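User: I am new to this structure and would like a close look at a single part of it, described step by step. Please explain each term as it comes up, and then follow the connections outward from there.

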Amino acid sequence: MTSAQVLLEEIADVGRDRVRGGYSRHVFDAAETELRTWFRERASGLGLHVEDDQNGNMWAWWTEPGPGAVVTGSHLDSVPGGGAFDGPLGVVSALSAVQALQAKGFAPGKPLAIVVFAEEEGGRFGVPCLGSRLLTGALEAGTARALRDPDGVTFAEAAAAAGLDPDRLGRDDEALGRIGCFVELHVEQGRGLIDLGSPIAVGSTVIAHGRWRFSFTGQGNHAGATLLGDRRDPMLPAAEVVAAARRIARSVPQARATVGRIVPNPGGTNVIASTVDLWLDARVPGSGVRSLVEDIAEAARAAAAEEGCEVRVTEESCSGDVVFDSGLRDELATLLGGVPALPTGAGHDAAILAGHVPTAMLYVRNPTGISHAPEEFAEPADVDGGAAALVTVLEQLCR
Ligand code: HGY
Ligand code: MN
Ligand code: MN
């Protein structure tokens, strides 16, 4: 029996980022492609039939594909410099759970599949949950085709190079229509389970969140030959947004606002930038995320005007609050012995699916509480405990 922990160790060297630390695995890049190959081999080794859908998501069917399917899985891509568990833990737990069910002679009473969604982190093309948004129609195919990675490669080009037909990208009623319910197991991204002293929880809600691009335009120039009074330096208003995001979000209960990515052009040490792009990740429970962003954009416009620069703010993605199916949530919590239900500020493919099919999440304890960084962790005992919980859940749901 190949435990979830052993499967995690099998891929532990794939996509290590020697510069940032952690892992960088992005849709259709070399590392993620290697993980796709690994997944196909592992799933086929269990006798599962693996197929790619039109949007780059992988589906490994234990049975014939069919309506009312119980689907579990997660993603294999990471954020830049991410941890080893965010995404892969759900995939290795699903493989390990299927193997354990097979070993005990269980025969699913319903179609059962493991899914691996494409580009959940948006680490290459900028839109999170790209594969599940395309599957459900939450993202227009034309918009997806035109997305560009930092090297200027479009998603259409990358998808074609990976063997997909870019013209077929988009809502997939056949694949979506087969799903009876979806359960995603995921490492916890926070300290809820440590503080509760519990190894596992079910998910209750995901708070509203989105990403906005702030593009500042000034005048590139020489860092030494240009007096301060003669500058239109876009780095100044960009710096103001980084500080304003925190200052303004502080006044909104439970709000989070982050600038983790800022790109000056051309980016020379002795060069005043001509443009600066930064991305704001903003999250607020309820309906306030866009007004938070508007307040931050107001500060950006004022700072840009002061420096003689222009600024353009573009919404790249935004999802509202998600409440997971309460019946499924409570059924799984009871089945697992009365485990707690946790809210999260982290987005998931399960939150995209929740608008279409009954969806639940299982969280596995992360003793560091840290995620999207190399310190993300789950103890081997909790990794295997999470997989065992998934066995219990799948056995119940597939009766
Ligand atoms: O950004 C998120 O919340 C998720 O990890 N994609
Ligand atoms: Mn993540
Ligand atoms: Mn994730």
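Analyst: Ligand 1 is surrounded by Glu120, Glu121, Arg283, Ala346, Gly347 and His372, where a residue belongs to the surroundings if one of its heavy atoms lies within 4 Å of the molecule. This is a predicted model, in which local features need pLDDT of at least 70 and side-chain atom pairs count only at pLDDT 80 or more, whereas totals for chains, interfaces and linings use all residues. Residues are numbered from 1 along each chain as its sequence is written, chains are lettered from A and ligands numbered from 1 in the order in which they are written, and side-chain values use heavy atoms, with hydrogens and water left out.

The shell around ligand 1 is made up of one nonpolar, two polar and three charged residues; here Ala, Val, Leu, Ile, Met, Phe, Trp, Tyr, Cys and Pro count as nonpolar, Asp, Glu, Lys and Arg as charged, and the others, Gly among them, as polar. Several polar contacts can be followed, a contact of this kind being a pair of N or O atoms within 3.5 Å. On the side of glutamate 120, an N or O atom of the side chain is 3.0 Å from a nitrogen atom of ligand 1. The side chain of arginine 283 places an N or O atom 2.7 Å from an oxygen atom of the ligand, while glycine 347 takes part through its backbone, with an N or O atom 2.6 Å from an oxygen atom of ligand 1. The protein covers 94% of the 220 Å² of accessible area that ligand 1 has on its own, as found by the Shrake-Rupley method with a 1.4 Å probe.

Two residues of this shell, Glu121 and His372, lead on to a metal site. The manganese ion that is ligand 2 is coordinated by Asp86 (OD), Glu121 (OE) and His372 (NE2), at 2.0 to 2.1 Å; donors are N, O and S atoms within 2.8 Å of the metal (3.2 Å for Na, K and Ca), and since water is not among the atoms, sites may look incomplete. Along the sequence, the donor residues of ligand 2 follow the spacing D-x34-E-x250-H. Aspartate 86 lies in the loop between strand S3 (69-75) and helix H3 (88-103) and histidine 372 in the loop between strand S15 (359-364) and helix H13 (380-397), so this pair ties together parts that are 286 residues apart in sequence. Helices (H or I, at least four residues) and strands (E, at least two) are DSSP runs, numbered from the N terminus.

How exposed or buried are these two donors, aspartate 86 and histidine 372? Aspartate 86 is buried, with a relative accessible area of 5%, whereas histidine 372 is partly exposed at 39%; buried means under 20% relative accessible area, exposed over 50%, and partly exposed in between, with a 1.4 Å probe and protein chains only.

Aspartate 86 also leads to the second metal site, for it coordinates both manganese ions, ligand 2 and ligand 3, which are 3.6 Å apart. The donors of the manganese ion that is ligand 3 are His75 (NE2), Asp86 (OD) and His186 (NE2), at 2.1 to 2.2 Å, and in sequence these donor residues are spaced H-x10-D-x99-H. Here too the coordination links distant parts of the chain, with aspartate 86 in the loop between S3 and H3 and histidine 186 in strand S5 (residues 179-187), 100 residues apart. Histidine 186, at 1% relative accessibility, counts as buried.

Some backbone details complete the picture. The peptide bond from asparagine 265 to proline 266 is cis, with omega near 10°, and proline 266 lies in the loop between strand S9 (256-265) and strand S10 (271-272). Glutamine 254, found in the loop between helix H9 (235-249) and S9, has a positive phi near 65° although it is a residue other than glycine, and it is exposed, with a relative accessible area of 53%. Cysteine 129 is not a glycine either, yet its phi is positive at about 55°; this residue is found in the loop between strand S4 (112-117) and helix H4 (130-136) and, at 4% relative accessibility, counts as buried.

Technical notes:
Polar contact = N/O pair within 3.5 Å; in protein donor to acceptor, adjacent residues only side chain to side chain.
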